[in-house]
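Colleague: Could you take a close look at one part of this model for me, the place where the two domains meet? I'd like the surroundings as well, and a word on how far to trust them.

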Amino acid sequence: MSPPAASADVAPAVAGTTLSPIRDYLSKRGSGRLADNSFAAVMLICACSIFAIVLFIFGILVMHSRLSLAQFGWKFFTTQGWDPVSGDFGALPFIYGTLATSLLALCMAVPLALGVAIFLTELCPRPLRAPISFLTELLAAIPSVVYGLWAVFVLVPLMRDVIGPFLSKTLGWTGFFEGPNFGVGLLTASMILAIMILPIISSLTRDIMIAVPNSQREAALALGATRWEMIRIGVLRNSRIGIVGAIMLGLGRALGETMAVTMVIGNHPDISKSLFAPGYTLASVIANEFSEATGDLYLSALIEIGLALFLVTIVVNAIARLMVWAVTRNAPARVI
Amino acid sequence: MDFESKSMRRNRATRSAMNYFVSGLCILATILVILPLIAILFYLIYKGASSLNLAFFTHVPAPVGETGGGMANSIVGSGIILFLASLMGIPIGIAAGVYLAEFGRGKTLANAIRFTADVLNGVPSIVMGISIYSLIVVQQKHFSALAGGVALAIMMVPTITRTTEEMLATVPHAIREAALGLGVPKWRTAISVSLRTASPGIITGCMLAFARVAGETAPLLFTAFGNQFWSFNLSQPIAALPLQIYVYAISPYDEWHRLAWAGSLVLIVLIMVSVTLVRIFANRGALKGGS
């Protein structure tokens, strides 16, 4: 287990002299092999508990959703009904709501996050760099429920009175901005999600861009590229896999975001083309209905939704991590 | 510039214009990102500060229709849950990080654990909530502070593991070799030399994990559940600040909205102050330790 520590067994036994506490200690102790091995074993057990946590979450979700798994099978994810009274459950509206809000949030957040990352790594004057990256990371420290509170009292009225009417006037013909606009709905949820995933995507993208060797930038500049061409050819092209990974990490976060979305999405299991319409996501249906779920089948259907959410986010995160690692593996360790 | 043809000059002008255009877009994006942050902080301070008073910190929530009342029990409840979570999450997280950095370098098992920790970090907090509900609450037959603590502890572990590992990786090998060369056993080297040198970074990592779970609401919905009254019993439902903010924010009463803003301000200030304090403290420690 510990080849370099073999030297520990042949400790110099300079007894009597109290030159240093460490030498004093060494003279008093016996062989360290047992202590070494048991220490390593304890550390290993703690490390393996991370596997255990993941397996345990999976196991317990499968166990508690078996009623619904047996009753509905795959049909659960392709049907629309959600009627606790008659015991009819289908998760399609929630899947639609989750995908629509997450993808819309990505559409809004990704260009902005890339802009911030490029600004911070390539354009920003040095004194401004630390404060701005601190500010964007501050966004990540704000709890979800506070975002929700802000969205309910600031974003929703803004959406209802300003942004909504403007969108339906200019883009109403597309059919995405039709129907009554109450301020709560898919679009508002996507906007708050976009604000929440921005700092994750931008700080990861920044790390990835920093990992691009300067020789790439210098080569592009030496060939006569403008600064933007240098960024496009030298930086973005080299880090595109990592950037896609960062975007997928943002997607993973958006898929599972609960509180802020629950507070502004309207919570209505409908599939509607209009982005003003209220919707429902996988996470928010659990948050809203879990504690009042009566009946085993209802509870088990909600846990199956949790299981689906768990598996999807595991897959998305795994792919994303592999992509980010592919780029930053050899970069120096990131100090927060 | 005589040797440039007309088309080359035009080409250069468009390229240069493109350069300025994209630079402008990036600056615009940065401003657009900072704007909501400033808006959120402004609203929090503006709405929260006007509703903060002494009663907020000393009283339990008032019944519907009555003015006044506070969130004293929620603040204490959050403290209890977070203490429980730290008690379980921090030792396991640090130990796992020590394994990855000191014993598992280059091993397949260590890579698998590292990868799993990163993936676990992305699992939605509501999923943690329903897993712990199914494990503890269903067995105990009632919601409890302990269940909330376990749910938050599980969320802290992967963050702490990864930051501990990264911080230990920055400790120079020469220091470890010096200790081993003196005959210090490996476990003692890991604790007294590696961990001690990296301690400012590790404390910061723990604090960030703490700040992250301090504002979590979703995993507490079905574990700690919330409570309108004082409770110090770990096997009973307990109030928590984020839960109380959520309940008040979606309620139809103005008085409760006011308290929700005040609660959010207190929550944010607690999170920011703890993070900032520890950063200052950790930086000073690093200077004094002179690693």
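Modeller: Sure. One bit of vocabulary to begin with: two residues are in contact if their C-beta atoms, placed from the backbone, lie within 7 Å. With that in hand, contacts in chain A with a separation of 6 or more come 75% from residues 24 or more positions apart. Do keep in mind that this is a predicted model.

Now to your junction. Chain A splits into domain 1, covering 3–64, and domain 2, covering 74–328. Their C-alpha centres sit 43 Å apart. Where the two touch, 5 residues of domain 1 of chain A are in contact with 5 residues of domain 2 of chain A. On the domain 1 side, the touching residues come out as 4 nonpolar and 1 polar, with no charged ones.

As for the surroundings, chain A has 13 helices and 2 strands, and 47% of its 336 residues count as buried.

On trust: the mean pLDDT of chain A is 85, with 89% of its residues at 70 or more. The ends are another matter. Residues 1–16 of chain A stay under 50 in pLDDT, though the model gives that stretch 27 contacts beyond four places in sequence. At the other end, residues 332–336 of chain A are also below 50, and there the model has 11 contacts beyond near neighbours in sequence. For your domain question, remember that domain 1 of chain A is assigned from residue 3, while the low-pLDDT stretch runs over 1–16.

Key: Residues numbered from 1 in each chain as written. Chains lettered and ligands numbered in written order. Predicted model: local features only at pLDDT ≥ 70, side-chain atom pairs only at ≥ 80, totals over all residues. Domains from an automatic or database assignment. Nonpolar A, V, L, I, M, F, W, Y, C, P; charged D, E, K, R; others polar. Helix = DSSP H or I, 4+ residues; strand = E, 2+ residues; numbered from the N terminus. Buried ≥ 20, exposed ≤ 12 C-beta atoms within 10 Å, placed from the backbone. pLDDT = per-residue confidence, 0-100.
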